[in-house]
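Thanks for making time this morning; I would like to walk you through one model, strand by strand, and then stop at a single side chain. Please have the structure open while I talk.

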Amino acid sequence: QVQLAESGGGLVQPGGSLRLACAPSRRTLSTTVMAWFRQAPGKEREFVAYINWTGRNVAYAHSLEGRFTISADSAKNTVYLQMNTLKPEDTAVYYCNADGNPVYGDYNVYWGQGVQVTVSS
């Protein structure tokens, strides 16, 4: 089992920036693809971005590309989501997501508990 520890949420004014972090509880190769999702009040959870630990495979939700940047630091066993030029519509609970590594017989999908991001003046 892998636990995902998220941090970095909070309140920010429109146009501001925040950086979220997610650290799996086990070594880097215990997970393969790391991702961020978000869920706004009254809406379904939606995909934000994903990355693998080499950083070679990256993808974003089309509407967020250019403002959000996902990165992975394997030495620190941490994935980041840099969010710039934040808008009120970015207000949501942001969830870290990870796929277990089949090499170790782990076919699970893991979720963090979520961090609140509120964009408001």
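When I say strand, I mean a DSSP run of E of at least two residues, numbered from the N terminus, just as helices are runs of H or I of at least four residues. This is a predicted model, in which local features need pLDDT of at least 70 and side-chain atom pairs count only at pLDDT 80 or more, while totals for chains, interfaces and linings use all residues. Residues are numbered from 1 along each chain as its sequence is written, and side-chain values use heavy atoms, with hydrogens and water left out.

Let me begin with L81, which has its place in strand 8, residues 78-83. Is L81 buried or exposed? I call a residue buried under 20% relative accessible area, exposed over 50%, and partly exposed in between, using a 1.4 Å probe and protein chains only. L81 counts as buried because its relative accessibility is 0%. Taking contact to mean heavy atoms within 4.5 Å, and setting aside the neighbours within four places in sequence, L81 touches L18, R19, L20, W36, V48, F68, T69, I70 and Y94.

Y94 from that list brings us to strand 9, residues 92-100, where seven of the nine residues are buried. Two strands pair, in my usage, if DSSP finds at least two bridges between them. Strand 4, residues 31-39, is joined to strand 9 by seven bridges and runs antiparallel to it, with R38 standing opposite Y94. Strand 10, residues 109-111, also pairs with strand 9 in the antiparallel sense, over three bridges, and there W111 is opposite N97.

Strand 9 is further joined to strand 11 by three bridges, again antiparallel; Y94 has V115 as its bridge partner in strand 11, and A92 stands opposite V117.

Which way do the side chains of strand 11 point? Along residues 115-119 they alternate, so to speak, with V115, V117 and V119 directed to one face and buried, whereas Q116 and T118 point to the other face and are not buried. Strand 2, residues 10-12, runs parallel to strand 11 and is joined to it by three bridges, V12 being the partner of V119.

To close the loop, the C-alpha atoms of V12 and L81 are separated by 15 Å, with their positions 69 residues apart along the chain.
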